[in-house]
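These are my notebook entries on a single protein chain. I record what I looked up and what I found.

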Amino acid sequence: MKMTITEKCSLFKPYLKSGQWCMGNKPETVNIIDLINIPWQSQHDLVDSIRQAPTKDEKSILKKQLWAFTPSSVMKDGRGVNYVHQHNGLMAFDIDGIKDQIIEVFNAIKLIPYTLYCGKSASGN
(Lines give C-alpha, C1' and ligand atoms only; values in the text may rest on other atoms or scores of the structure.)
Protein backbone atom coordinates (compact mmCIF):
# COMPACT_ATOMS: atom_id res chain seq x y z
CA MET A 1 0.00 0.00 0.00
CA LYS A 2 1.47 3.34 -1.06
CA MET A 3 1.35 6.05 1.58
CA THR A 4 0.43 9.60 0.56
CA ILE A 5 1.90 12.38 2.65
CA THR A 6 -0.25 15.51 2.58
CA GLU A 7 1.01 17.34 5.68
CA LYS A 8 1.73 21.02 5.24
CA CYS A 9 4.49 23.04 6.85
CA SER A 10 5.93 26.55 6.60
CA LEU A 11 8.91 27.68 4.55
CA PHE A 12 10.81 30.83 5.48
CA LYS A 13 13.17 32.48 3.01
CA PRO A 14 15.78 35.00 4.13
CA TYR A 15 16.07 38.46 2.62
CA LEU A 16 18.74 41.16 2.41
CA LYS A 17 18.27 44.24 4.58
CA SER A 18 20.99 46.90 4.60
CA GLY A 19 23.50 44.37 3.26
CA GLN A 20 22.73 41.80 5.98
CA TRP A 21 20.77 38.57 5.62
CA CYS A 22 17.65 38.37 7.80
CA MET A 23 15.29 35.44 8.27
CA GLY A 24 11.95 36.04 6.66
CA ASN A 25 8.84 36.28 8.79
CA LYS A 26 6.28 35.76 6.03
CA PRO A 27 6.04 31.99 5.69
CA GLU A 28 4.87 30.11 2.64
CA THR A 29 2.65 27.09 3.30
CA VAL A 30 3.98 24.08 1.40
CA ASN A 31 3.52 20.31 1.31
CA ILE A 32 6.36 18.81 3.32
CA ILE A 33 7.05 16.12 0.70
CA ASP A 34 7.35 18.74 -2.03
CA LEU A 35 9.74 20.67 0.19
CA ILE A 36 11.92 17.63 0.86
CA ASN A 37 11.99 16.58 -2.80
CA ILE A 38 12.58 19.88 -4.62
CA PRO A 39 16.02 20.36 -6.15
CA TRP A 40 17.59 22.92 -3.83
CA GLN A 41 20.79 23.39 -5.84
CA SER A 42 21.39 26.91 -4.52
CA GLN A 43 20.90 25.60 -0.99
CA HIS A 44 23.19 22.60 -1.62
CA ASP A 45 25.92 24.96 -2.84
CA LEU A 46 25.42 27.12 0.25
CA VAL A 47 25.59 24.07 2.56
CA ASP A 48 28.85 23.04 0.87
CA SER A 49 30.21 26.54 1.54
CA ILE A 50 29.10 26.37 5.17
CA ARG A 51 30.77 23.00 5.69
CA GLN A 52 34.00 24.28 4.13
CA ALA A 53 34.08 27.61 5.98
CA PRO A 54 37.17 27.75 8.18
CA THR A 55 35.67 29.60 11.17
CA LYS A 56 32.50 29.46 13.22
CA ASP A 57 31.86 33.15 12.48
CA GLU A 58 32.04 32.55 8.72
CA LYS A 59 29.70 29.56 9.04
CA SER A 60 27.26 31.67 11.04
CA ILE A 61 27.16 34.43 8.40
CA LEU A 62 26.53 31.90 5.63
CA LYS A 63 23.82 30.07 7.63
CA LYS A 64 21.72 33.24 7.66
CA GLN A 65 21.15 32.75 3.92
CA LEU A 66 19.58 29.30 4.33
CA TRP A 67 15.91 28.66 3.86
CA ALA A 68 14.23 27.37 7.00
CA PHE A 69 11.10 25.33 7.50
CA THR A 70 8.89 24.20 10.36
CA PRO A 71 8.43 20.47 9.76
CA SER A 72 5.71 20.02 12.37
CA SER A 73 3.56 23.10 11.88
CA VAL A 74 2.08 25.74 9.65
CA MET A 75 2.88 29.25 10.85
CA LYS A 76 0.99 32.50 10.27
CA ASP A 77 2.60 35.95 10.19
CA GLY A 78 5.89 35.00 11.85
CA ARG A 79 8.09 32.43 13.55
CA GLY A 80 7.95 30.96 17.01
CA VAL A 81 5.38 29.32 19.24
CA ASN A 82 3.06 32.35 19.21
CA TYR A 83 2.66 32.07 15.43
CA VAL A 84 1.71 28.39 15.19
CA HIS A 85 -1.48 28.21 13.16
CA GLN A 86 -1.77 24.43 12.91
CA HIS A 87 0.22 21.37 13.97
CA ASN A 88 0.41 18.71 11.27
CA GLY A 89 0.97 15.65 13.48
CA LEU A 90 4.65 15.27 12.60
CA MET A 91 7.44 15.52 15.14
CA ALA A 92 10.84 17.04 14.45
CA PHE A 93 13.86 16.55 16.66
CA ASP A 94 17.52 17.40 16.70
CA ILE A 95 20.27 15.13 18.00
CA ASP A 96 23.59 16.78 18.83
CA GLY A 97 26.98 15.35 19.63
CA ILE A 98 26.90 12.22 17.44
CA LYS A 99 29.54 13.17 14.86
CA ASP A 100 31.54 9.98 15.42
CA GLN A 101 28.42 7.80 15.38
CA ILE A 102 26.31 9.56 12.75
CA ILE A 103 26.07 6.58 10.37
CA GLU A 104 25.00 4.21 13.13
CA VAL A 105 22.43 6.67 14.49
CA PHE A 106 21.02 7.42 11.01
CA ASN A 107 20.71 3.70 10.27
CA ALA A 108 18.85 3.15 13.57
CA ILE A 109 16.48 6.06 12.90
CA LYS A 110 15.77 4.82 9.37
CA LEU A 111 14.55 1.52 10.87
CA ILE A 112 11.75 3.32 12.70
CA PRO A 113 8.75 2.80 10.38
CA TYR A 114 7.37 6.29 11.06
CA THR A 115 10.49 8.15 9.95
CA LEU A 116 9.71 10.52 7.09
CA TYR A 117 13.08 12.26 6.74
CA CYS A 118 16.50 12.17 8.37
CA GLY A 119 19.30 14.57 7.48
CA LYS A 120 22.39 16.36 8.66
CA SER A 121 22.43 19.96 9.75
CA ALA A 122 23.95 22.54 7.42
CA SER A 123 27.18 22.45 9.40
CA GLY A 124 27.34 18.67 9.03
CA ASN A 125 27.60 18.10 12.76
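The entries below go from the whole chain to single residues.

**Entry 1. Basis**

I worked on a predicted model, in which local features need pLDDT of at least 70 and side-chain atom pairs count only at pLDDT 80 or more, while totals for chains, interfaces and linings use all residues. Residues are numbered from 1 along each chain as its sequence is written, and side-chain values use heavy atoms, with hydrogens and water left out.

**Entry 2. Whole chain**

I looked up the secondary structure and found four helices and seven strands in the protein chain. Helices (H or I, at least four residues) and strands (E, at least two) are DSSP runs, numbered from the N terminus. The order of elements from the N terminus is β-β-β-β-α-α-α-β-β-β-α.

I then noted the extent: the C-alpha atoms fill a box of roughly 50 × 40 × 25 Å along the principal axes. The chain exposes about 9400 Å², and carbon and sulfur atoms supply 53% of that area. Accessible areas come from the Shrake-Rupley method with a 1.4 Å probe; for residues, only the protein chains shown count as cover.

Of the 125 residues, 26% count as buried. Buried means under 20% relative accessible area, exposed over 50%, and partly exposed in between (1.4 Å probe, protein chains only). Among contacts with a separation of 6 or more, 50% are between residues 24 or more positions apart; contact means heavy atoms within 4.5 Å.

**Entry 3. Salt bridge**

How many salt bridges are there? I applied the rule of a side-chain nitrogen of Lys or Arg within 4 Å of a carboxyl oxygen of Asp or Glu, and the count came to one. The partners are glutamate 28 and lysine 13, whose closest N and O atoms are 3.4 Å apart. The pair links distant parts of the chain, 15 residues apart: glutamate 28 is in strand β4 (residues 28-31), and lysine 13 is in the loop between β1 (8-12) and β2 (15-17). Glutamate 28 is partly exposed at 35% relative accessible area, and lysine 13 is partly exposed at 34%.

**Entry 4. Cysteines**

I next asked how many disulfides the structure holds. In general, a disulfide is a covalent bond between the sulfur atoms of two cysteines; the criterion here is a pair of cysteine sulfur atoms within 2.5 Å. The structure holds zero. Why is cysteine 9 not in a bond? The closest cysteine sulfur, in cysteine 118, is 17 Å from the sulfur of cysteine 9 and therefore too far for a bond. Cysteine 118 is likewise in no disulfide.

I compared the settings of these residues. Cysteine 9 is buried, with a relative accessible area of 0%, whereas cysteine 118 is partly exposed at 26%. Cysteine 118 lies in the segment after α4 (102-110). Leaving aside neighbours within four places in sequence, cysteine 118 is in contact with Phe106 and Ile109.

**Entry 5. Serine 10**

Is serine 10 buried or exposed? Serine 10, in strand β1, is buried at 0% relative accessibility. A polar atom of its side chain lies 2.6 Å from the backbone nitrogen of methionine 75. Not counting residues up to four places away in sequence, serine 10 touches Pro27, Glu28, Ala68, Phe69, Thr70, Ser73, Val74 and Met75. I note that this list includes Glu28, the salt-bridge partner of lysine 13.

**Entry 6. Tryptophan 40**

I located tryptophan 40 in the loop between α1 (32-37) and α2 (41-52). Tryptophan 40 counts as buried at 16% relative accessibility. Beyond residues up to four places away in sequence, tryptophan 40 touches Leu35 and Trp67. The C-alpha atoms of tryptophan 40 and glutamine 52 are separated by 18 Å, with the two positions 12 residues apart along the chain as the sequence offset.

**Entry 7. Positive phi angles**

I looked for positive phi values in residues other than glycine, and recorded serine 18, with phi near 55°. Serine 18 is in the loop between β2 and β3 (20-22) and is exposed at 75% relative accessibility. I also recorded aspartate 77, which has a positive phi of about 70° although it is not a glycine. Aspartate 77 lies in the loop between β6 (73-75) and β7 (84-87), and is exposed with a relative accessible area of 67%.

Technical notes. Polar contact = N/O pair within 3.5 Å; in protein donor to acceptor, adjacent residues only side chain to side chain.
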